[in-house]
Protein chains: 2
Amino acid sequence: MSNRTEALSKPVVEKSDHKQPLGPRYADEKTTLKALEEIKASIKGISVSLDPDDLESHGYAEWSASNIPERPFAVVMPTTTEEVSTIARICTKYKVPMIPFGAGSSVEGHFTAPFTGISIDLSKMNKIVSLNADDMDVIVQPGVNWVNLNDQIKESGLFLPLDPSPTAHIGGMVATNCSGTNAMRYGTMKDWVVNVTVVLADGSVIKTRRRPRKTSAGYNLTCLFVGSEGTLGIITEITLKLAVIPSSYGVATTTFPSVKEAAAAASKLIRRGIPLAALELMDDVQMQVINKTGGAGGRMWPEKATLFIKFSGSTESAVRDNMEQAQEISKAYGGADFELAKSQEEMDSLWAARKQALWAMLALREEGTEIWSTDVAVPLSRMAEIIDHSKENSSKLGLFSSVMGHVGDGNFHQAVMYDPRNAKQTASVKKCVDDMVDMALEMDGTVSGEHGIGIGKKHCLEKELSPDAIAVMRSLKQTLDPHCLLNPGKIFDN
Amino acid sequence: MSNRTEALSKPVVEKSDHKQPLGPRYADEKTTLKALEEIKASIKGISVSLDPDDLESHGYAEWSASNIPERPFAVVMPTTTEEVSTIARICTKYKVPMIPFGAGSSVEGHFTAPFTGISIDLSKMNKIVSLNADDMDVIVQPGVNWVNLNDQIKESGLFLPLDPSPTAHIGGMVATNCSGTNAMRYGTMKDWVVNVTVVLADGSVIKTRRRPRKTSAGYNLTCLFVGSEGTLGIITEITLKLAVIPSSYGVATTTFPSVKEAAAAASKLIRRGIPLAALELMDDVQMQVINKTGGAGGRMWPEKATLFIKFSGSTESAVRDNMEQAQEISKAYGGADFELAKSQEEMDSLWAARKQALWAMLALREEGTEIWSTDVAVPLSRMAEIIDHSKENSSKLGLFSSVMGHVGDGNFHQAVMYDPRNAKQTASVKKCVDDMVDMALEMDGTVSGEHGIGIGKKHCLEKELSPDAIAVMRSLKQTLDPHCLLNPGKIFDN
């Protein structure tokens, strides 16, 4: 985004896309430009862009199920907490919406700009501030990519054990309380955040905690900001707990006649207390998708419901014992084609099908079709039932869909292929997702296991919680952001 | 408390104890009586007591470091969420302070009544509502004792892996975000709460979540109420995750020349990633205390800094391997007297000294002396330093004190003996605790690892966090409890 700050003096060319005009509650175009001038004057050298390509890449994503026509008015790229604070102060002064932007990997439209405003891109804040290996923690800026982080700290023998999209930044991971395949063993993002530094709407800066791994001092502000999707404050620094990299790993795969048997085996594996690192389920369709796109790990796969199991431990023998236990349990539940891998190469090969699942689905798309990827979570025992029901429902609606489940958490993803130009198909996919959400709620589950609410699931959250519970959330939002300037229109309507 | 409801018509005999009169902000005595009459009229058969013994047991505790002269005006014992809701509605109508009361095991004065008001004793709400073994969760009322819970559900192969005081109730454990020796492996209370049902100040009832083990839908209200010490709402039902009872255990003890070497060995044990279930440290003084009170586990102990290590796993061989690894590491750091136990009897015997530590200290008190028990937590690498410093400091101040550390969490307790009738000694113990707190903060730690703030550590919390961070906490309190009726005077001054 170099040399784009001069764009401020250019006419705004993308107006026709802004179908929802800047409302009376927020700054109009002229006032927003004034705010941007003040930001430029206050922060020497700050990158400010009105370039249509930048606005597009900060307001739309190909992989998102929640795109809207509006785009941010401008993109700014601060480099320090102080700069974010200055931006917030000025945006509050002029009533300009602020949309924190991380890696843009959200599928629920977290970074969209329904009321336009300024996209605050934090990707220049990408420093590892301090690795405290002896304390098993690390302090990072929000723009740090988690894969890079783990690569850079691996000599310490420590790692951050979350694994969302490999493109994700820590800031976004915190803001959405992300997780991934490791959540069964290691929990979700909230379990790894020691403290956050947050810029509030008015520009004031707070740090929610110091650096103890454990505390019971005062309200848990850390957990309030984790998962708040940028609507309560802008996270500008994070202290993360780190875990010890296990010294021994193993991977196993096994197939089942149906999702039901696979889920039953998974349940037994969990209840036996075997310390699994991950327990993933892919359905027959997803395995077909893998094969149709050329297989994975250098081979073709049985097209059946398949469990992918990762083991880890502090000794080779513990991992081997656990793998034997898992094989025995799987067999008792109809598991076949049991394969074990202990060498890195073999493990990568076995895990490849799981790893490539979403990409395989994307690769299979015909020109113009898109993937609607969504997730819900239910109590563990209901997993097989909701997957079966969702498969049947999408099939009835004439949709092609595959299922991947973080079965150790009761959390699963359905990826549905559809043509957005086809109104009937678009309506069907929406119905399919709504049905899945409704069934998850009937089972006492949640409308989002790990993707967040964003703009795409606001109507679902209203079904999940009582009006009084949502009123409490709204009152917290109102208290911390009285002018509703922080990522407005996300989580709930303001 | 049977047959005490008629006490309402008796004169209030304990007035002389209420040094802090009912302020203008809260209901006066006449209005409080009116509120109690309305509670009695609205809730058939509710237990309401003004008996001085009940007021005493609900406003004072021998083991607390934060006793105050005031007592609650009355004690009520609701049996359902609806009854608590009615009480809250009436208390709000008449501006009567509400103090939720669990088992009364707090050491920081959480259940005290600085502005008198009504103690809402939840111990009659002691039902296990529903055990969902296949979902690995359980729904309980707040008055359930955690030891009883684990005893009643053990057939399922599941347990709640927290271990605070054996007298603690789940409600209080949630309200203070408790932990104990298992926190290293299993985390703290917040990590085991799926949802809470909360009665808000005005009597409205919310449930923070449904029953998924994992979610990223909306603000994390659950974590906001966990650890809020009854100041944001009254918790009346809790869904808890459960863990699988490990099939194999082991215990080891080993001594070191000093706390420093013990802490260094502990650090290495953690960094090797050995899946320890607990890692506890007791200093030479604490071991002397054990011996002076007759030993523990049927024998006398070396009077040296000692590590108590608990192992658990899914196979016997994994636990044995881990015990061997631990022994090897301990020896490398000067560990001696290494003892291993695998049978239940031997394990109980080895763990007995750790288990009896606080009771041994209490037993050693001379007539009239008390124990000031407090805790802080620091980043892992600073543990030895702060323990050494605190030992030295208390010794300089002429105080007898012992140290127990949850060394796997950087959390430790110092128990200091003092005579509350001796002004100089009381001043010394306060200075000793304040110094420890200050040092923890200098090390980027917290003023309370697991006991909470209550009334005793309000001045410490103000040192831990910035005024802006505390202002955010206050604003949340103000939003949810605008008349400051919920456990007023706790965490911070209102």
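Gly398(B) takes a positive phi of about 75° just after helix 13 of chain B (helices are DSSP runs of H or I with at least four residues, numbered from the N terminus). This is a predicted model, in which local features need pLDDT of at least 70 and side-chain atom pairs count only at pLDDT 80 or more, while totals for chains, interfaces and linings use all residues. Residues are numbered from 1 along each chain as its sequence is written, chains are lettered from A in the order in which they are written, and side-chain values use heavy atoms, without hydrogens and water.

**Helix 13 of chain B**
- The helix covers residues 383–396, and its 14 residues should span 20 Å at 1.5 Å a residue (times one less than the number of residues); the end C-alpha atoms are 20 Å apart, which agrees.
- Its buried residues (under 20% relative accessible area, 1.4 Å probe, protein chains only) include Met383(B), Ile386(B), Ile387(B), Ser390(B) and Lys391(B).

**Interface of chains A and B**
- Contact (heavy atoms within 4.5 Å) involves 89 residues from chain B and 89 residues from chain A.
- The two chains bury about 6800 Å² between them, 56% of it on carbon and sulfur atoms (accessible area, 1.4 Å probe, lost on being put together, summed over both).
- Arg210(B), Lys214(B) and Tyr219(B) supply 15% of the area that chain B buries against chain A, more than any other three residues.

**Second largest cavity**
- The whole structure has 2 cavities of 30 Å³ or more (sets of points on a 1 Å grid over the protein atoms alone where a 1.4 Å probe fits but cannot get out; points are joined across faces, edges and corners, and a volume is the space filled by probe spheres set on them).
- Its lining residues (an atom within 4 Å of a point) are Asp134(A), Met136(A), Ser267(B), Ile270(B), Arg271(B) and Leu380(B).

Definitions and conventions: On a 1 Å grid over the protein atoms alone, a cavity is a set of points where a 1.4 Å probe fits but cannot get out, and a pocket is an open set with protein on both sides within 12 Å along at least five of seven lines; lining residues have an atom within 4 Å of a point. Helices (H or I, at least four residues) and strands (E, at least two) are DSSP runs, numbered from the N terminus. Buried means under 20% relative accessible area, exposed over 50%, partly exposed in between (1.4 Å probe, protein chains only).
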